[in-house]
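Here is a quick briefing to read with the model open beside you. Take it topic by topic, and keep the viewer handy for each stop.

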Amino acid sequence: MATITRSYSISMIQEETLQLVQTGRVSRQQRIYSLCQFFPNGEWRCIEKELEENDFLLRDRIIDLIPQEAWASD
């Protein structure tokens, strides 16, 4: 039985990470490596490769990975 692995772009990783932050599952101050618990092992390898290709280190903080959040003005 073959395992199907999704392809992740850096923007997809950032969006999924932002959702994890917004739902309180991870903190902005945690290391990027802590995200591995939310992805299957095969997918994490692809994510790790994409992160490295975009100059992110697993020891960097999640806040460095997520795009700037826009706040709606009142």
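Tyr8 and Phe39 are both buried in this predicted model. The ring count comes to three aromatic pairs. Tyr8 and Phe39 make one of them, edge-to-face, with 5.8 Å centre to centre and 90 degrees between the planes. That pair ties together distant parts of the chain, since Tyr8 sits in the segment before H1 and Phe39 in the loop between H1 and helix H2 (41-53), 31 residues apart.

**Aromatic rings**
- A pair of aromatic rings is described by two things, the distance of the centres and the angle of the planes.
- Which residues do ring pairs link into a cluster? They are Tyr8, Tyr33, Phe39 and Trp44.
- Tyr33 also turns up in another pairing by distance: Glu48 and Tyr33 are 15 residues apart in sequence and 8.7 Å apart in space, C-alpha to C-alpha.
- Glu48 itself is found in helix H2, and with a relative accessible area of 23% it is partly exposed. The 23% is over the 20% below which a residue is called buried, and it does not reach the 50% above which one is called exposed, so Glu48 lands in between.

**The overall layout**
- The protein chain has three helices and zero strands, and reading along the sequence gives the pattern α-α-α.
- Of the 74 residues in the protein chain, 31% are buried.
- Take the contacts with a separation of 6 or more: 70% of them are between residues 24 or more positions apart.
- About 5,400 Å² of the protein chain is exposed, and carbon and sulfur atoms supply 48% of that.

**The nonpolar core**
- In soluble globular proteins, nonpolar side chains tend to be buried together.
- Here the largest nonpolar core has 17 residues, and Leu35, Ile47, Leu51 and Leu65 are those with the most contacts inside it.
- Which elements give two or more residues to this core? H1, H2 and helix H3 (62-65) do.
- H1 supplies the largest share of this core, five residues.
- Leu51 is a good place to click: leaving out residues up to four places away in sequence, it touches Ile10, Ile13, Ile32, Trp44, Phe56, Leu58 and Leu65.

**Two residues of H1**
- Ile10 is found in helix H1. Is Ile10 buried or exposed? Its relative accessibility is 18%, and the cut-off for buried is under 20%, so Ile10 counts as buried.
- Setting aside neighbours within four places in sequence, Ile10 is in contact with Glu50, Leu51, Asn54, Phe56 and Leu65.
- Ile10 and Glu50 are 40 residues apart in sequence, yet 6.4 Å apart in space, C-alpha to C-alpha.
- Gln14 also has its place in helix H1 (residues 10-22).
- Gln14 has 18% relative accessibility, so this polar-named stop on the tour counts as buried too.
- Beyond residues up to four places away in sequence, Gln14 touches Phe56, Leu65, Ile66 and Pro67.

**Loop residues**
- Gln37 has its place in the loop between H1 and H2.
- Why does Gln37 count as exposed? Its relative accessible area is 57%, and exposed means over 50%.
- The side chain of Gln37 reaches the backbone oxygen of Ser34 at 3.1 Å.
- Asp55 lies in the loop between H2 and H3, and it is exposed, with a relative accessible area of 68%.
- Most residues other than glycine have a negative phi. Phi of Asp55 is near 65 degrees, a positive value in a residue other than glycine.

**Cysteines**
- A disulfide is a covalent bond between the sulfur atoms of two cysteines.
- How many disulfides does the structure hold? The count is zero.
- Cys36 has 21% relative accessibility, which is over the 20% limit for buried, so it counts as partly exposed.
- Cys46 is partly exposed as well, with a relative accessible area of 32%.

Notes. Residues numbered from 1 in each chain as written. Predicted model: local features only at pLDDT ≥ 70, side-chain atom pairs only at ≥ 80, totals over all residues. Heavy atoms only, no water. Helix = DSSP H or I, 4+ residues; strand = E, 2+ residues; numbered from the N terminus. Buried < 20%, exposed > 50% of the residue type's maximum accessible area, 1.4 Å probe, protein only. Contact = heavy atoms within 4.5 Å. Phe/Tyr/Trp six-rings, centres within 6.5 Å; stacked < 30°, edge-to-face > 60°. Core = buried A, V, L, I, M, F, W, Y, C linked by side-chain atoms within 4.5 Å. Areas by Shrake-Rupley, 256 points an atom, 1.4 Å probe, with all protein chains shown as cover. Polar contact = N/O pair within 3.5 Å; in protein donor to acceptor, adjacent residues only side chain to side chain. Disulfide = S-S within 2.5 Å.
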